[in-house]
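Thanks for making the time, everyone. I would like to walk through one model with you, beginning with its cysteines and then moving on to its sheet.

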Amino acid sequence: MRNYAVIGDPVEHSRSPGMQNAAFEFHHLGSPYGKYHVRPAELGRFVEFAKRELAGFNCTVPHKAAIIPYLDEVDPDALAAESVNTVTVAEDGRLSGTSTDGYGLEMALRENFGVGVEGTEFCFVGCGGAAHATAFHLARRGAGAIRIANRTVEKAEELAAKLQKLFPALTLETAAPGDRGTLSRWFTRTNVLVQATSLGLKPGDPPPFDLELLTPDLKLAVFDTIYLDTPLLKRAKELGLPAAGGSAMLLYQGAKSFEIWTGLAAPIEEMRAGMEGKPSC
Ligand SMILES: NC(=O)c1ccc[n+]([C@@H]2O[C@H](COP(=O)([O-])OP(=O)(O)OC[C@H]3O[C@@H](n4cnc5c(N)ncnc54)[C@H](OP(=O)(O)O)[C@@H]3O)[C@@H](O)[C@H]2O)c1
């Protein structure tokens, strides 16, 4: 059996090997999933290696867009989002790519908040690779509205324009995270806030927007793509708003990758334990 891996720069912190190997072990397939530290300039060389040695790999930062020119086939939404996190290597070395981040978010929202996507109104803060991949998925699955606030407003506007072209009936709005009036108006009518900036990863990071805009009367579930207990999540919990971090999203995006590669059912609880570094029982 050929192997699998995650590539990134950095990649040391990745929880994917623990999670994926738990799934392979559950199906008595050994522990074929490793990790490779691949710097941007090394991506081409890694792809040649992968064609010979691997059956599939996950891409994390900074390779999710950069991998696309190397692929023979790309799922249309992943291509539009310019974000691929799952690559399958066929026996003849042909590469096909897709993104499972949106599925991961959808399942995380279902698990954490009991919320489905159809008709649900979303507000993103942040507009990088994670927001792109997940926004296309949510739009495809029938989201009622997608509102995007980003430091670089032009990026939010570009994403909204791409989404509008593919999904003409979707309600789309954009703003700067510092536009308190607009955010406050959005929060009163939005069902789920998705924090998709990298702010909150490092201690001392500023909040992604003025957290005073969150109030206890809101009917807003707060999802932070970051796995840590960020100041945003702490504030949301203090106010009694439903709040969850990004672990379940990581889990379900990995589960979908496993199913794409193997055609086997992903053993969710074993993968969750593997992701958390616990022995599965
Ligand atoms: N749970 C999961 O499974 C999962 C999966 C993927 C990603 N994530 C998380 O999602 C987050 C975003 O990842 P990504 O791949 O989308 O990263 P990315 O492409 O680098 O995008 C980063 C985003 O953060 C914003 N940002 C960065 N520094 C900022 C600052 N000082 N002030 C305001 N905004 C700032 C950027 O705004 P500009 O556009 O203005 O630069 C951009 O919107 C990360 O925290 C990552 O850990 C989680």
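Let me start with a question: is Cys 123 buried or exposed? Please keep in mind, as we go, that what you see is a predicted model. Cys 123 turns out to be buried, since its relative accessible area is 0%. As for bonding, the closest cysteine sulfur to that of Cys 123 belongs to Cys 127 and lies 12 Å away, which is too far for a bond, given that a disulfide requires the two sulfur atoms to be within 2.5 Å.

That fits the overall search, which finds zero disulfides in the whole structure. Cys 59 is likewise in no disulfide, the nearest cysteine sulfur being that of Cys 127 at 20 Å. Cys 59 also counts as buried, because its relative accessibility is 3%.

Now to the sheet, which is open and built from six strands in the order E2-E1-E3-E5-E6-E4, with mixed pairing. At its edges sit strand E2, residues 33-37, and strand E4, residues 73-74, each of which pairs on one side only. E4 pairs with strand E6, residues 95-98, in the parallel sense and over two bridges, and within that pairing Glu 73 has Ser 96 of E6 as its bridge partner.

Two helices deserve a mention here. Helix H1, residues 16-26, packs on the sheet and touches E1, E2 and E3, with its direction at about 160° to that of E2. Helix H2, residues 43-53, also packs on the sheet, where it touches E1, E2, E3, E5 and E6, and its direction makes about 145° with that of E3.

Conventions. Residues are numbered from 1 along each chain as its sequence is written. This is a predicted model: local features need pLDDT of at least 70, side-chain atom pairs count only at pLDDT 80 or more; totals for chains, interfaces and linings use all residues. Side-chain values use heavy atoms; hydrogens and water are left out. Buried means under 20% relative accessible area, exposed over 50%, partly exposed in between (1.4 Å probe, protein chains only). Two strands pair if DSSP finds at least two bridges between them. Helices (H or I, at least four residues) and strands (E, at least two) are DSSP runs, numbered from the N terminus. Contact means heavy atoms within 4.5 Å. Axes are lines fitted to C-alpha atoms, for helices over the stretch in contact, and angles run from 0 to 180 degrees between N-to-C directions.
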